[in-house]
Amino acid sequence: MIPLILAVVVIIGLLYALLGKKKSGNQNVLALIGERYSGKTQLFVRIAGGKVFPTVPSIKNNQTSYKSGNKSYEFIDYCGDNISKDEVLNPENYVNIHTLIHVIDGSDPTKLGDACLFLYRLLVSKAYQKRECNYVIYLNKSDNENFLGKAKIVKRLEDEV
Ligand SMILES: Nc1nc2c(ncn2[C@@H]2O[C@H](COP(=O)(O)OP(=O)(O)OP(=O)(O)O)[C@@H](O)[C@H]2O)c(=O)[nH]1
Ligand SMILES: [Mg+2]
């Protein structure tokens, strides 16, 4: 009887470990997401240590590995199209996300509505509700003379969400 109980406990333990691992994913992805032209690829190149050069609209994601301390991450610069946003929010990909860096062009008020929509979609997604990833808003183009200012942008995000 005791070996049987032990076997059942071991099987339950193994199942728990396997299913638990599948649910939590690798959580080793740092993802840059945001509207087209917000400056994701420029930021990607800068953080990845490359030489900054004039970029063109991305037609595919850029990806590299990024080391911080003794931890290694997959660093992905997603295109600014809707397919890429769906890809990030897809539970199969989301499960691997450690930190989501949402790049917002702070000098373009016409893009703020779409930025709010993405934030809303993230917050209501089942994947996020199950596990909140680190979420960072990177307010870009503050050097631009049309920069709206942090307070205005935060208020707009709060109002819309
Ligand atoms: N003034 C200013 N311009 C910037 C800044 N960062 C990026 N840009 C410019 O914004 C434009 C778009 O930058 P990208 O990095 O290609 O934008 P993206 O978000 O990758 O765009 P997609 O690949 O189309 O999704 C380029 O002309 C950049 O030079 C910034 O901090 N300040
Ligand atoms: Mg790009």
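Q27 lies in the loop that runs between α1 (2-24) and β1 (29-34). In this predicted model, the residue has a positive phi of about 50°, although Q27 is not a glycine. Its surroundings hold 14 other C-beta atoms within 10 Å, and Q27 is therefore partly exposed. A second positive value is found at Y37, a residue other than glycine, where phi is near 75°. Y37 is placed in the loop between β1 and α2. With 15 C-beta neighbours inside 10 Å, Y37 counts as partly exposed. Buried would require 20 or more such neighbours, and exposed 12 or fewer.

The overall arrangement of the chain can be described next. The secondary structure of the protein chain consists of seven helices and five strands. In sequence order, these elements follow the pattern α-β-α-β-β-α-α-β-α-α-β-α. The protein chain has 161 residues, of which 22% count as buried. Among contacts in the protein chain with a separation of 6 or more, 73% are accounted for by residues 24 or more positions apart.

Ligand 1 is surrounded by 18 residues. Those that come nearest are G39, T41, T55, S58 and G80. Helix α2, which covers residues 40-48, supplies three residues to the shell around ligand 1, and this is the largest share. By class, the shell around ligand 1 is made up of ten polar, four nonpolar and four charged residues.

Strand β3 spans residues 71-77 and contains E74. Inside 10 Å, E74 has 16 C-beta neighbours, so this residue counts as partly exposed. When neighbours within four places in sequence are left aside, E74 is in contact with N28, V29, Q63 and S65. E74 can also be related to T64, from which it is ten residues apart in sequence. In space, the C-alpha atoms of E74 and T64 are 6.0 Å apart.

A charged residue in a helix gives another case. K85 has its place in helix α3, which is formed by residues 82-89. K85 counts as buried because 20 C-beta neighbours lie inside 10 Å; the cut-off for a buried residue is 20 or more. Not counting residues up to four places away in sequence, K85 touches I33 and F118. K85 and R121 are 36 residues apart along the chain, and their C-alpha atoms are separated by 9.5 Å.

The packing of two helices was examined in the later part of the chain. Two packed helices are described by the angle between their axes and the distance between the axes. For helix α5 (residues 112-124) and helix α7 (residues 150-160), the angle is about 55° and the axes are 9 Å apart. Roughly parallel applies under 35 degrees and roughly perpendicular from 65 to 115; α5 and α7 are therefore oblique to each other. The crossing of these two helices, α5 and α7, is right-handed. On the α5 side, the contact is made by L112, C116 and L119. On the α7 side, the contributing residues are I153, R156, L157 and E160. Five nonpolar and two charged residues make up the contact of α5 with α7, and no polar residue takes part.

G113 is also found in helix α5. With 11 other C-beta atoms within 10 Å, G113 is exposed. Along the chain, G113 and R156 are 43 residues apart, while their C-alpha atoms are separated by 8.6 Å. R156 is one of the residues of α7 that make the contact with α5.

Conventions:
Residues numbered from 1 in each chain as written. Chains lettered and ligands numbered in written order. Predicted model: local features only at pLDDT ≥ 70, side-chain atom pairs only at ≥ 80, totals over all residues. Near = placed C-beta within 6 Å. Helix = DSSP H or I, 4+ residues; strand = E, 2+ residues; numbered from the N terminus. Nonpolar A, V, L, I, M, F, W, Y, C, P; charged D, E, K, R; others polar. Axes fitted to C-alpha atoms, helices over the stretch in contact; angles between N-to-C directions. Parallel < 35°, antiparallel > 145°, perpendicular 65-115°, else oblique. Left-handed = near helix turned anticlockwise from the far one by under 90°. Contact = placed C-beta atoms within 7 Å.
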